[in-house]
Amino acid sequence: MSRILVAGLGNIFLGDDGFGPEVMRCVPADLAGPDVHVRDYGIGGMHLAYDLLDGWDALVLVDAVPGRGQPGTLHVFEADLENARAATGLDAHAMDPAAVFASLNALGGTPPYTVVIGCEVDRVDEGIGLSDAVASAVPGAVAAIGEVVAGLSARASVAEG
């Protein structure tokens with residue numbers, strides 16, 4: 001069976017940066033199981049790096065991404081692990097995916113196949129709560145997690161069969 005970790009990243013005290021934790025709060029409990037673990041890492045990027053040493057087959061990262069277009073726009077893409085493997089350095093305070101992968105690399109681990117579900121932010125200033133545009137993207141992100149996990153599980157089943 002394929003072991004999949006679904007990880008939300010973000011700081012709930014910085015507006016839309018709290019997207020990942022909010023999505024994790026809305027993920028249905030029945031998505032998790034023996035081979036699928038759903039966890040809100042919040043600002044604990046180093047904790048995620050240590051957990052990735054446990055040999056996951058796939059990682060689904062849910063995070064806010066810089067606003068370069070329309071706030072609330074969801075993007076689902078495969079992470080660039082080649083550049084992640086080249087990154088070095090241990091940073092116990094950073095939480096963005098690049099820092100998590102650099103810390104994992106420094107610990108002697110390698111990232112698993114990784115899919116990112118990112119939402120373009122509207123604001124990341126101090127304050128609790130998502131902007132309306134980003135809040136409206138939460139249900140779509142929850143649905144995307146279900147689709148990605150189903151696809152990863154099916155991919156693992158084909159590989160095993």
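This passage walks through the fold, the cores, the charged pairs and the surface of a predicted model.

Start with the overall layout. The chain is built from six helices and five strands. Going along the sequence, these elements come in the order β-α-β-α-β-β-α-α-β-α-α. Of the 161 residues in the chain, 45% are buried. The contacts also say something about how the chain is put together: among those with a separation of 6 or more, 80% involve residues 24 or more positions apart. On the outside, the chain exposes about 7800 Å², and carbon and sulfur atoms supply 55% of that area.

Now for the inside. The largest nonpolar core has 26 residues, and the ones with the most contacts inside it are Ile4, Val6, Phe19, Val23, Ile117 and Ile145. Several elements give two or more residues to this core, namely β1 (4–9), α1 (19–26), β3 (58–65), β5 and α6 (138–160). Helix α6 provides the largest share, with eight residues. Ile117 makes a handy example of how such a residue is surrounded. Setting aside neighbours within four places in sequence, Ile117 touches a long list of partners, including Phe19, Val60, Val62, Val76, Ala141, Ala144, Ile145 and Val148. Leu61, Asp63 and His75 are also among the contacts of Ile117. That is not the end of the nonpolar interior, though: a second, separate core of 16 residues includes Trp56, Leu59, Ala79 and Leu104.

Leu104 leads on to helix α4, which covers residues 97–106. Within α4, the buried residues are Ala99, Val100, Phe101, Ala102, Ser103 and Leu104. After this helix comes Gly108, which has a positive phi, near 95°.

Next come the charged pairs. Side chains of opposite charge can pair when their charged atoms come close. In this model, the count of salt bridges is three.

One of them joins Glu22 and Arg25, with the closest N and O atoms 2.7 Å apart. How do these two end up side by side? Both sit in helix α1, and because they are three residues apart there, about one helical turn separates them. The two partners differ in their cover: Glu22 is partly exposed, at 23% relative accessibility, while Arg25 counts as exposed, at 61%.

Another salt bridge brings together the side chains of Asp51 and Arg39, at 3.4 Å from N to O. This pair links distant parts of the chain, with Asp51 in helix α2 and Arg39 in strand β2 (residues 36–42), and the two residues are 12 apart. Is Asp51 buried or exposed? The cut-off for buried is under 20% relative accessible area, and Asp51 has 17%, so it counts as buried. Its partner Arg39, at 35%, is partly exposed. Helix α2 spans residues 45–51. Leaving out neighbours within four places in sequence, the contacts of Asp51 are Arg39, Tyr41 and Trp56. Trp56 has already come up here as a member of the second core.

The remaining pair is Asp125 with Arg123, where the closest N and O atoms lie 3.8 Å apart. Both of these residues are partly exposed: Asp125 has 42% relative accessibility and Arg123 has 31%.

What about the cysteines? A disulfide is a covalent bond between the sulfur atoms of two cysteines. The structure holds zero of these bonds. Cys26 and Cys119 sit in quite unlike surroundings: Cys26 is partly exposed, with a relative accessible area of 34%, whereas Cys119 is buried, at 0%.

Last comes the surface. Which residues make a nonpolar surface patch of about 320 Å²? The patch is formed by Ile12, Phe13 and Ile128. Of these, Ile128 belongs to the loop between β5 (113–120) and α5 (132–135). Ile128 has 65% relative accessibility and therefore counts as exposed, since the cut-off for exposed is over 50%.

Methods:
Residues are numbered from 1 along each chain as its sequence is written. This is a predicted model: local features need pLDDT of at least 70, side-chain atom pairs count only at pLDDT 80 or more; totals for chains, interfaces and linings use all residues. Side-chain values use heavy atoms; hydrogens and water are left out. A disulfide is a pair of cysteine sulfur atoms within 2.5 Å. Buried means under 20% relative accessible area, exposed over 50%, partly exposed in between (1.4 Å probe, protein chains only). Helices (H or I, at least four residues) and strands (E, at least two) are DSSP runs, numbered from the N terminus. Contact means heavy atoms within 4.5 Å. Patches are made of residues with over 30% relative accessible area and no salt bridge: like charges are joined within 9 Å, nonpolar side chains (Val, Leu, Ile, Met, Phe, Trp, Tyr) within 5 Å. Accessible areas come from the Shrake-Rupley method with a 1.4 Å probe; for residues, only the protein chains shown count as cover. A salt bridge is a side-chain nitrogen of Lys or Arg within 4 Å of a carboxyl oxygen of Asp or Glu. A nonpolar core is a set of buried Ala, Val, Leu, Ile, Met, Phe, Trp, Tyr and Cys residues joined through side-chain atoms within 4.5 Å.
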